[in-house]
Amino acid sequence: MLRIWGRANSSNVMKVLWLCEELGLAFERIDAGGAFGRTKEPAYLAMNPNARVPTIEEPDGFTLWESNTICRYLVATHAPGHALHPAEPRARARIERWMDWQLGHLNAPMTTLFFTYVRTPEEKRNWPATHAARDEAEALWDMVEGALEGRDFLGGPALSLADIALGPYLHRWLSLPIARKPQPRLAAWYGRLCRRPGYNRHVAVEMS
Ligand SMILES: N[C@@H](CCC(=O)N[C@@H](CS)C(=O)NCC(=O)O)C(=O)O
């Protein structure tokens with residue numbers, strides 16, 4: 001059975017867990033990272049020299065790290081050509097750009113916001129950095145708000161890996177106790193994602 005290494009409260013692990021549910025893939029999850037440790041142990045580093053979660057391990061010993069790459073790999077091996085990651089080059093590229101954008105742009109300010117409100121005691125919070133991250137994140141989410149015009153999901157009419165890559169951060173953006181301007185398409189998109197059992201079970205959960 002597919003083994004997923006990584007704590008369930010990691011946004012990057014959430015992507016893989018949610019995707020497995022969308023694909024109907026059975027998996028076993030093993031806690032690693034954060035308070036669970038393990039990621040600096042030689043056996044884990046042999047699978048993932050980046051010492052981060054998630055890592056997947058297949059029954060024949062094949063291992064892979066980097067959440068978005070894992071998502072692409074799981075669709076390619078279990079549902080090639082699926083609307084989650086279509087084969088047609090332009091449709092695929094329109095989805096993949098959001099996956100790269102999540103890592104290259106959205107991740108940094110969203111990590112600052114998440115760590116401030118969820119993982120850092122109040123007396124140690126860095127407010128100038130948090131306020132700057134809020135402004136940056138709001139401008140980035142405005143891009144998504146614009147991209148959702150006339151479509152139910154970020155890549156088009158069907159759920160895709162673009163939604164899976166951004167979904168954990170959307171939950172955080174809409175759940176953290178910060179001032180946000182109204183972004184009605186984001187709210188409607190979030191509602192659609194919340195109707196999917198995998199998103200509900202693994203992503204739209206209490207933040208920790
Ligand atoms: N780009 C990597 C980032 C992986 C990453 O930074 N994961 C975080 C959890 S979201 C982590 O491993 N943090 C250290 C830890 O949990 O020990 C990916 O997408 O997989």
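A residue counts as buried under 20% relative accessible area, as exposed over 50%, and as partly exposed in between. E66 has a relative accessible area of 32%, so it is partly exposed. The model in which this residue sits is a predicted one, and the same cut-offs serve for the other residues discussed below.

E66 is placed in the loop between strand β4 (63–65) and helix α3 (67–78). Its backbone is worth a look: phi is positive, about 80°, although E66 is not a glycine. A second residue of this kind is A51, a non-glycine residue whose phi is near 55°. A51 belongs to the loop between α2 and β3. With a relative accessible area of 14%, A51 falls under the 20% limit and is therefore buried.

The loop that holds A51 also holds P54, between α2 (42–47) and β3 (55–57). The peptide bond that joins V53 and P54 is cis, with omega at about 5°.

These loops belong to a protein chain with eight helices and four strands. Read from the N terminus, the order of elements is β-α-β-α-β-β-α-α-α-α-α-α. The domain assignment divides the protein chain into domain 1, residues 2–78, and domain 2, residues 89–199. The C-alpha centres of domain 1 and domain 2 are 22 Å apart. Across the boundary, 16 residues of domain 1 make contact with 18 residues of domain 2.

Helix α4 covers residues 89–119, and L106 is one of its residues. Is L106 buried or exposed? Its relative accessibility is 0%, so L106 counts as buried. Leaving aside residues up to four places away in sequence, L106 touches W101, L140, W141, L166 and Y169.

Helix α5 spans residues 127–147 and includes A139. The C-alpha atoms of A139 and L106 are 9.9 Å apart in space, with their positions 33 residues apart in sequence. For E138 and L106, 32 residues apart along the chain, the C-alpha separation is 9.9 Å. A139 has a relative accessibility of 46%, which lies between the 20% and 50% limits, and so A139 counts as partly exposed. L106, by contrast, is buried at 0%.

The overall dimensions come next. The C-alpha trace of the protein chain spans about 50 × 45 × 25 Å along its principal axes. What radius of gyration would a compact globule with 208 residues have? The expected value is near 17 Å, and the protein chain has 17 Å, so the two agree.

Burial can also be stated for the chain as a whole: of its 208 residues, 47% count as buried. The protein chain exposes about 10000 Å², and carbon and sulfur atoms supply 53% of that area. Contacts between residues at least 6 apart in sequence can be sorted by separation, and 66% of them join residues at least 24 apart. As for charge, the protein chain has 25 positive and 23 negative charges, and the mean positions of the two sets are 2 Å apart.

How values were computed:
Residues are numbered from 1 along each chain as its sequence is written. This is a predicted model: local features need pLDDT of at least 70, side-chain atom pairs count only at pLDDT 80 or more; totals for chains, interfaces and linings use all residues. Side-chain values use heavy atoms; hydrogens and water are left out. Helices (H or I, at least four residues) and strands (E, at least two) are DSSP runs, numbered from the N terminus. The radius of gyration is taken over C-alpha atoms; the globule rule is 2.2 Å times the number of residues to the power 0.38. Buried means under 20% relative accessible area, exposed over 50%, partly exposed in between (1.4 Å probe, protein chains only). Contact means heavy atoms within 4.5 Å. Accessible areas come from the Shrake-Rupley method with a 1.4 Å probe; for residues, only the protein chains shown count as cover. Lys and Arg count as positive and Asp and Glu as negative; His and the chain ends are not counted. The place of a charge is taken as NZ of Lys, CZ of Arg, CG of Asp or CD of Glu. Domain bounds come from an automatic or database domain assignment.
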